[in-house]
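Thanks for coming. I will walk through one structure today, starting from a single residue and working outwards to the helix packing.

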Amino acid sequence: MKKELIAGTLLILLLAASYYNVYWLDRFVGELEAEVILSRACMEAGQFTDAEASLRRAIDRWIAADGYTHIFIRHSEIDSATDAFYDLLSDVKARDTESAVGSTEKVMAHLQGLVGMERPTLGSIF
């Protein structure tokens, strides 16, 4: 009986940790998305310096979370999201508003994909 109680407790702890991970990642991604949206709005308003500053804040936060991301997220997903950020930064620096729209959507898709991938499902548990 003692083993079953320990196993059940561990299962509950793992599920709680998994949900906390999704909660933390959802908040983190929300903060990054807010900076990307602000960057896009600044760029559309012709404020390219502000757009770059906002995007750099998002990139800096993304890179600062390296300790977390390299533990909980697949390396291929990290690389794809990082590449998307730098593609957008390149468009902002080039002042290419048209291309930046597509690059913004690419960054947002990668970020939302990270959250979706981390959500626990019955298939990922059993």
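Please find Leu32 first. Leaving aside neighbours within four places in sequence, Leu32 is in contact with Ala58, Arg61, Trp62, Phe85 and Leu111. Before going on, I should say that this is a predicted model, and everything I show is computed from it.

Where does Leu32 lie? It lies in helix α1. Is Leu32 buried or exposed? Leu32 is buried, because its relative accessible area is 0% and the cut-off for buried is under 20%. For a sense of distance, take Leu32 and Ala84: they are 52 residues apart in sequence, and their C-alpha atoms are 13 Å apart in space.

Stay on helix α1 and move one residue along, to Glu33. Glu33 also lies in α1. Glu33 has a relative accessible area of 13% and is therefore buried. The contacts of Glu33, again without residues up to four places away in sequence, are Met108, Leu111 and Gln112. Leu111 is thus touched by Glu33 and by Leu32. Glu33 and Arg56 are separated by 23 residues in sequence and by 12 Å from C-alpha to C-alpha.

Next, the core. In soluble globular proteins, nonpolar side chains tend to be buried together. In this model the largest nonpolar core has 29 residues, and Leu25, Val36, Leu55, Trp62 and Phe85 are those with the most contacts inside it. Two or more residues of this core come from each of α1 (2-44), α2, α4 (75-93) and α5 (97-118). Take Val36 as the example. Beyond four places in sequence, Val36 touches Leu55, Ala58, Phe85, Leu88, Thr104, Val107 and Met108. Leu55 and Phe85, in that list, are also among the core residues with the most contacts.

Now to the way the helices pack. Two packed helices are described by the angle between their axes and the distance between the axes. I have three pairs.

The first pair is α1 and α2. Their axes are 7 Å apart, at an angle of about 165°. The cut-off for roughly antiparallel is over 145 degrees, and α1 and α2 are therefore roughly antiparallel to each other. The crossing of α1 past α2 is left-handed. Which residues make the contact? From α1 there are Phe28, Glu31, Leu32, Glu35, Val36, Leu38, Ser39, Cys42 and Met43, and from α2 there are Phe48, Asp50, Ala51, Ser54, Leu55, Arg57, Ala58, Arg61 and Trp62. By class, 11 of the residues in this contact are nonpolar, two are polar and five are charged.

One residue from that contact deserves a closer look: Ser54. Ser54 sits in helix α2, which covers residues 48-64. Its relative accessible area is 0%, so Ser54 is buried. Apart from residues up to four places away in sequence, Ser54 touches Glu35, Leu38 and Ser39. Those three are listed on the α1 side of the contact.

The second pair is α1 and α4. Here the angle is about 20° and the axes are 12 Å apart. α1 and α4 are therefore roughly parallel to each other, and their crossing is left-handed. Leu32, Val36, Ser39 and Met43 of α1 meet Phe85, Leu88, Asp91 and Val92 of α4. This contact has six nonpolar residues, one polar and one charged.

The third pair is α2 and α4. Their axes come within 10 Å and cross at roughly 165°. That makes α2 roughly antiparallel to α4. α2, too, passes α4 in a left-handed crossing. On the α2 side the contact residues include Phe48, Leu55, Ile59 and Trp62, and on the α4 side they include Ile78, Phe85, Leu89 and Val92. The classes are 14 nonpolar, one polar and three charged.

Last, a point outside the helices. Which loop holds Arg95? Arg95 is found in the loop between α4 and α5. Arg95 is not a glycine, yet its phi is positive, about 60°. Arg95 counts as exposed, because its relative accessibility is 52% and the cut-off is over 50%.

To go back to the start: Leu32 is part of the contact of α1 with α2, and Leu32 is also part of the contact of α1 with α4. That is all I have.

Methods
Residues are numbered from 1 along each chain as its sequence is written. This is a predicted model: local features need pLDDT of at least 70, side-chain atom pairs count only at pLDDT 80 or more; totals for chains, interfaces and linings use all residues. Side-chain values use heavy atoms; hydrogens and water are left out. Helices (H or I, at least four residues) and strands (E, at least two) are DSSP runs, numbered from the N terminus. Buried means under 20% relative accessible area, exposed over 50%, partly exposed in between (1.4 Å probe, protein chains only). Contact means heavy atoms within 4.5 Å. A nonpolar core is a set of buried Ala, Val, Leu, Ile, Met, Phe, Trp, Tyr and Cys residues joined through side-chain atoms within 4.5 Å. Axes are lines fitted to C-alpha atoms, for helices over the stretch in contact, and angles run from 0 to 180 degrees between N-to-C directions. Angles under 35 degrees count as roughly parallel, over 145 as roughly antiparallel, 65 to 115 as roughly perpendicular and the rest as oblique. A crossing is left-handed if the near helix is turned anticlockwise from the far one by less than a right angle, and right-handed if clockwise. Ala, Val, Leu, Ile, Met, Phe, Trp, Tyr, Cys and Pro count as nonpolar, Asp, Glu, Lys and Arg as charged, and the others, Gly among them, as polar.
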